[in-house]
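Got your viewer open and a selection box ready? Here's a short tour, one pick at a time.

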Amino acid sequence: MRNVQGIHHVTAIASDPQRNLDFYAGVLGLRFVKRTVNFDDPQTYHFYFGDEVGSPGSILTFFPWPGARRGRQGTGQVAVTSFAVLPGAISFWVERLVRHAVKFVGPTRRDLDGSDVEYVIEFKDHDGLMLEIVGHEGAGARSVWANAPGIPSEHALHGVHAVTIRANRGTDTEKVLVDTLGFRPVRGQEGTRRFASGDGGPGTLVDVRNVGGFPSGVSGAGTVHHVAWRVDDDFMQLDVRSQVAAAGLQPTPVIDRDYFHSVYFREPGGVLFEIATDSPGFDIDEPIERLGERLMLPAQYEPMRARIEAALPPIHLPSQAISSVENE
Ligand code: ZN
């Protein structure tokens, strides 16, 4: 059996594109690594945020749909996306969220099994997407974007730490994680079970929270669209795809997303899962130094560039606005 290697990316739905960019690239200091369109709907943006190069595990992506209706949080969804920081960065983030008027809860100590202590700040973006910053000793193993204005690199976000799935019957979801994708249970705690894959550090963790009787979620702004799990290469992806098919879960064919290759399927709890390859990566169509500066289009839409650009709302990188506020 082939195992996935952790989280590749999380994709969520947002409303206003500029507000999304200001929050994730500005307040949270992620690098805007790709400005492109939704390959299935090229009149709308697809934004990618991550570390310097957009390493798998650092990536958060958004479909920002202007005027999108709010979704509803519920079961069958990834409820919370957590970012990893070094434990010493927690007070920096408390201060930064206060300064940017982002409401938060915490920091609280989350003592999951006695050996793996986490310090957690909970907050939401403008659309209500549930986020956490988690102080964890293992965060240093993951890379950062070291050039975010106002964020010293020792305090920067070290990629996605974990995702929390809200499940009505967690056992169905857990069975797919373990039997089909190769996650291993790492601990049980009242109502929430944690699973790990790959090296078991930040970026490989899934918490399944059992909330029986909770209404199911409705897709819309402020909700996660899907979570993607990492595989090393195309061969591994086909093997995992076969495992998914053997479990009766009807995976899609392999789809070329330019920056990685994808297979999608819905797990029985209702969450859309993706299996994504580590390569080719975000420098396939522009140099690392220039990531995110220009609108990049897949080859099939390049002939329509003028029409697509005219339909998309103008956006600007938030760096200057943020640094001028902080220099006052
Ligand atoms: Zn995806």
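Keep in mind that this is a predicted model.

Start with helix α4, residues 234-246, and find what packs over its buried residues: the cover includes α3 (170-180), β13 (224-231), β15 (260-266) and β16 (272-280). The helix has 13 residues and runs 18 Å from first C-alpha to last, close to the 18 Å expected at 1.5 Å a residue.

Next, show side chains on α4. M236, Q237, V240, Q243 and V244 are the buried ones. Look down the helix axis: these buried residues fall within an arc of 120°, so they line one face of α4. Swing round to the other side and you'll see F235 and A246, both exposed.

Now check the ends. At the N-terminal end, pick D233, which caps α4: one of its side-chain oxygens sits 3.1 Å from the backbone nitrogen of F235. Just past the helix, click on G248, where phi is positive, about 75°.

Last stop: the zinc ion. Which protein atoms donate to the zinc ion? Select H9 (NE2), H226 (NE2) and E274 (OE), which lie 1.9 to 2.0 Å from the metal. Along the chain, these donors follow the spacing H-x216-H-x47-E. H9 belongs to strand β1 (residues 7-14) and E274 to strand β16, so this pair ties together parts 265 residues apart in sequence. You've met β16 already, as part of what covers the buried residues of α4.

Colour by accessibility before you leave. H9 has 2% relative accessibility, so it counts as buried; E274, at 1%, counts as buried too.

Terms used. Residues numbered from 1 in each chain as written. Predicted model: local features only at pLDDT ≥ 70, side-chain atom pairs only at ≥ 80, totals over all residues. Heavy atoms only, no water. Helix = DSSP H or I, 4+ residues; strand = E, 2+ residues; numbered from the N terminus. Expected span 1.5 Å × (residues − 1). Buried < 20%, exposed > 50% of the residue type's maximum accessible area, 1.4 Å probe, protein only. Arc of directions from axis to C-beta. Contact = heavy atoms within 4.5 Å. Polar contact = N/O pair within 3.5 Å; in protein donor to acceptor, adjacent residues only side chain to side chain. Donors = N, O, S within 2.8 Å, 3.2 Å for Na, K, Ca; no water.
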